[in-house]
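Good morning, colleagues. Please take a moment to look at the sequence and the model on the screen, and I shall then walk through the fold.

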Amino acid sequence: RSLVGSEMCIRDRHIAKWTIMYYLCCENHISYEAEEMVKNLTKVGSSENLNIIVLKDGGQQDDSALYYIEKDEASNLNKLYSWPDELDMGDSNTLKTFLNLVIREYPAKHYALMILSDCGSGWQGICRDTGARNNGIPLMSIPSLASVLKEVTSSGGKKIDVVGFMPCVMGMFE
């Protein structure tokens with residue numbers, strides 16, 4: 001895949017070695033970190049063997065964006081995939097929709113999922129979205145996260161090789 005201007009051009013259904021998916025849930029006090037992460041990822045950029053796809057929600061309303069990361073550029077894919085401009089990143093359906101889209105559209109031999117959030121809360125959940133209207137529960141529960149991963153991978157039939165968590169308060173003594 002390559003981007004020309006704002007249009008996506010599909011060369012052929014090339015299968016990359018890796019597709020790395022970043023899920024940046026930052027509609028909270030770490031929204032600046034999402035901006036920095038996207039900027040840093042453009043220093044690397046995607047290549048023939050690497051797709052870098054980012055779903056980011058920052059601290060403002062209507063600032064959610066789906067990006068294809070190229071060298072020196074983050075190309076917004078919201079219009080291409082009819083992606084909304086505001087998301088509830090604490091909703092497990094948002095994560096599931098993101099993963100399914102990326103796995104379908106950016107095929108690879110290996111996949112990595114990196115989740116950035118300001119709040120891990122250990123066993124209670126991850127991905128606090130302070131702007132969400134999810135019945136007062138601002139976190140994606142661990143059972144919900146597990147269910148999404150199980151469904152997206154067809155119970156392990158299609159692997160996500162690496163899952164990384166980057167929230168604060170992630171570790172617990174237990």
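From the N terminus onwards, the order of elements in this predicted model is β-β-β-α-β-β-β-α-β-α-β. That amounts to 3 helices and 8 strands. The chain has 174 residues, and 50% of them are buried. If we consider contacts between residues at least 6 apart in sequence, 68% of these join residues at least 24 apart.

Let me turn to the sheet. In which order do the strands of the open sheet stand? The order is β6-β5-β4-β3-β7-β8, which makes 6 strands with mixed pairing. At the edges we find β6, residues 73-76, and β8, residues 162-165. Each of these two has a single partner strand, so one side of each lacks a neighbour in the sheet. From one strand to the next, the twist averages 20 degrees.

As a general reminder, strands of a sheet pair through backbone hydrogen bonds, in either the parallel or the antiparallel sense. Both senses are found around β4. With β3, the pairing of β4 is parallel and extends over 8 bridges. With β5, β4 pairs in the antiparallel sense, over 4 bridges. Some individual partners may help you to find the register. Tryptophan 18 has leucine 50 of β4 as its bridge partner, and leucine 24 is matched with lysine 56 of β4. Lysine 56 in turn has a bridge partner in β5, namely alanine 65.

Is β4 covered on one face or on both faces? Both are covered: Leu50, Ile52, Val54 and Lys56 are buried on one side, and Asn51, Ile53, Leu55 and Asp57 are buried on the other. Because 8 of the 8 residues of β4 are buried, this strand is largely enclosed by the rest of the structure.

In the loop between β4 and β5 we meet serine 64. Its relative accessible area is 3%, which is why serine 64 counts as buried. Beyond its neighbours within four places in sequence, serine 64 is in contact with Lys56, Asp57, Asn78, Pro84, Asp85, Glu86 and Leu87.

I come now to the helices that pack on the sheet. Helix α1, residues 31-41, touches β3, β4, β5, β6 and β7. The direction of α1 makes about 165 degrees with that of β4. Helix α2 lies across β3, β4, β5 and β7, and runs at about 160 degrees to β3.

Let us stay with α2 a little longer. It comprises 14 residues, 92-105, and spans 20 Å from its first C-alpha to its last, close to the 20 Å expected at 1.5 Å a residue. At the start of α2, a side-chain oxygen of aspartate 91 comes to within 2.8 Å of the backbone nitrogen of asparagine 93. Which residues of α2 are buried? They are Ser92, Thr94, Leu95, Phe98, Leu99, Leu101, Val102, Ile103 and Glu105. What do these buried residues pack against? Their partners are the strands β3 (16-25), β4 (50-57), β5 (65-70) and β7 (108-117), together with helix α3 (142-152).

My last topic is the aromatic rings. A pair of such rings is described by the distance of the centres and the angle of the planes. The structure holds 2 aromatic pairs. One of them is formed by tyrosine 23 and phenylalanine 98 and is tilted, at 6.0 Å centre to centre with 40 degrees between the planes. This pair links distant parts of the chain, since tyrosine 23 belongs to strand β3 and phenylalanine 98 to helix α2, 75 residues apart. Tyrosine 23 counts as buried because its relative accessibility is 0%. Phenylalanine 98 likewise has a relative accessible area of 0% and is therefore buried.

Tyrosine 68 and tyrosine 106 form an aromatic pair that is stacked, with 5.7 Å centre to centre and 25 degrees between the planes. Here too, distant parts of the chain are linked: tyrosine 68 is in strand β5 and tyrosine 106 is in the loop between α2 and β7, 38 residues apart. Tyrosine 68 and tyrosine 106 are both buried.

Thank you for your attention.

Conventions: Residues are numbered from 1 along each chain as its sequence is written. This is a predicted model: local features need pLDDT of at least 70, side-chain atom pairs count only at pLDDT 80 or more; totals for chains, interfaces and linings use all residues. Side-chain values use heavy atoms; hydrogens and water are left out. The expected span of a helix is 1.5 Å times one less than its number of residues. Buried means under 20% relative accessible area, exposed over 50%, partly exposed in between (1.4 Å probe, protein chains only). Contact means heavy atoms within 4.5 Å. A polar contact is a pair of N or O atoms within 3.5 Å; within protein, one must be able to donate a hydrogen and the other to accept it, and residues adjacent in sequence count only if both atoms are side-chain atoms. Rings of Phe, Tyr and Trp (its six-membered ring) pair if their centres lie within 6.5 Å; planes under 30 degrees apart count as stacked, over 60 as edge-to-face and the rest as tilted. Two strands pair if DSSP finds at least two bridges between them. Axes are lines fitted to C-alpha atoms, for helices over the stretch in contact, and angles run from 0 to 180 degrees between N-to-C directions.
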